[in-house]
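Trainee: Could you take me through the empty spaces in this protein model? I would like to follow along at my own pace.
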Amino acid sequence: MAQPRHQRLPAPRRAGLVASALVAVLLASGMARGATPGNALVMAWNIDAISTFDPAQIAEVVTNEIFSNTCDSLAAFDPADEKKVIPALAESWDVSPDGLKITFHLRDRLRFPSGEAATARDLAWSMQRVVRLGFGNAATLTDYGFTKENVEQMITAPDDRTLVMKLDKPYPIGLILQAVAANRVTALLDRKTIMAHEANGDLGNKYLATHTECVGPYRLRQWNSGDVVVLEANRDYWGPAPKLPRVIIRHVAEAGTQRLLLEKGDVDIARNLTPEDLRTLEDAKGITLARTRRPTMFYWGFNSADPIFASEKVRLAMRYLVDYDALQKTVMAYDGVARASFVPLGSFGALDEKEGQPFKLDTSRAKQLLAEAGYPDGFEASVIIGSSPYAAPIAQHIQANAAKVGVRLRLEQMANAQLFARHRGREFQSAMLGWGAGMPDAHANASRLIYNPDNRLEAKLTQFPSWRAAFMDEAANKVVEDAVMERDESRRAAMYEQLQRDMMQRGPAVFLFQTIYVAGVRDTVRDWTWNGFQTYYDRAAKN
């Protein structure tokens, strides 16, 4: 039925029409030539996982990449060497002799997109806000002694360009710079604008679900769920102006559709391509494949609150149902490196490639372990999976091997946003999904995938996959706590190495692959730059 001529559309539908009209205008000149506009970077990407742009809540890889292009942190990982931390919002920092205080000196003339001056006082409020809200990302700060009760005393701004961060213990400073200073929790938010939209004491949380108000190269112009994200360059950005003033990210769920759009020139970059698509594009004229190894682990996680997966022997049996070699040659030929350890390659404390993947397909060993666990005839269980191109093929591969030992796996595929919501709520029996380390140090994943500070359901520690899996191992917790404070690097690395060996035997998940990001890039794009921790939209240019 047609809309009455003057009827006001509901807000979500109005937003969708505005977004569609905006993208149509931005793409119009390019479509006429069978190419994208010269002043915009256009990507095809499955972005259905986006649920908020609030740095206190962001947990998904997709959202984090977009956010990091709109909001700078105090420090950043070096684009040329991701193990190095370089200045960003802070041009320098000093550490007290006792290691209990870091003083950050902010750059001059930082400005928000509104044109208002951005100060260290805004940054102190932004970091305090993360802790006060208490969402998942608060753990990035509470891990290092910051609490709702002390955060206003521990993170302060004595003047407009100085931020002081006090620590409760002398943690390794390099770890603090990687884990906190280079993390999204140190984004410099526009307090005035955000608090003008506060609702019921939420510190602007509802507003930031669909806005970015911070200091960075771009700002979020529009997000229409399941449709498009549009970024526009900030005129008052402190650093070099982005080479392209707009970034348009089109939600395209199907990998085959992404490939067709790339081949036709309707997008500059395709982000979710299957091995078949990549093989097709490898020799395609005018298209190159860009690769970077990510610190993201794709894994099959188990809910230890479930009676079946509470058994260490059952979890170990599942490891022998994976034919890593076969998957590496087929499904993950382009997208990953076989890895059974929870620590990504390239991280401090990581086991090497051989020791970090000791398993082979062995159904006899799996059946023996199942019998010892009390399941000689197997069992029935569900596996929830998302929409990544390799999720279903990997799940089907394991499903077929599991059937040989009497384990009947029911696969439930869903949108990534639904998968993450169910996983965060412990509403699953087993799940296949990814988790990205926030820094190149074993502590990043040890402190989330293994360490669990409070396993009670009411604790709701949703930023800890260990909590989501109801996995509690006091001995492993102690190793993580001791390792983070160990000053001798060789001893610290050895502690993480042994923890990896132990967790491959009794841990909460079967780790499958460390992912490799592969993008199809048209030759009209220059300087597409990325590493394990960030993709730099502002560096991309066009011929």
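Mentor: We will go through the cavities, then a pocket, and end with an annotated domain.

Mentor: Keep in mind that this is a predicted model, in which local features need pLDDT of at least 70 and side-chain atom pairs count only at pLDDT 80 or more, while totals for chains, interfaces and linings use all residues. Residues are numbered from 1 along each chain as its sequence is written, and side-chain values use heavy atoms, with hydrogens and water left out.

Trainee: How many cavities of 30 Å³ or more does the structure hold?

Mentor: The structure holds two of them. A cavity is a set of points, on a 1 Å grid over the protein atoms alone, where a 1.4 Å probe fits but cannot get out, and lining residues have an atom within 4 Å of a point. Grid points are joined across faces, edges and corners, and a volume is the space filled by probe spheres set on the points.

Trainee: What is the volume of the largest cavity, and which element gives the largest share of its lining?

Mentor: The volume is about 60 Å³, and β12 gives the largest share of the lining, three residues. Helices (H or I, at least four residues) and strands (E, at least two) are DSSP runs, numbered from the N terminus. Besides β12 (287-302), both α17 (465-468) and β17 (509-522) supply at least two residues each, and the lining includes Tyr299, His423 and Phe511.

Trainee: And the second largest cavity, what lines that one?

Mentor: Its lining includes Arg319, Phe342, Met503 and Phe511, and two or more residues come from each of α19 (489-506) and β17. About 50 Å³ of space lies in this cavity, and α19 gives the largest share of the lining, three residues.

Trainee: Switching to the second largest pocket, which residues lie nearest its centre?

Mentor: Those are Ala139, Thr142, Asp143, Pro453 and Phe464, out of 28 lining residues. A pocket is an open set with protein on both sides within 12 Å along at least five of seven lines, and this one has a volume of about 510 Å³. The largest share of its lining, four residues, comes from α18.

Trainee: Last thing, which residues does the domain annotation cover?

Mentor: The unreviewed UniProt entry places "domain: Solute-binding protein family" on residues 84-449; positions are given in the numbering used here, feature names are shortened, and annotations may be inferred rather than shown by experiment. Over residues 84-449 the chain is 30% helix and 23% strand, with the end C-alpha atoms 24 Å apart.
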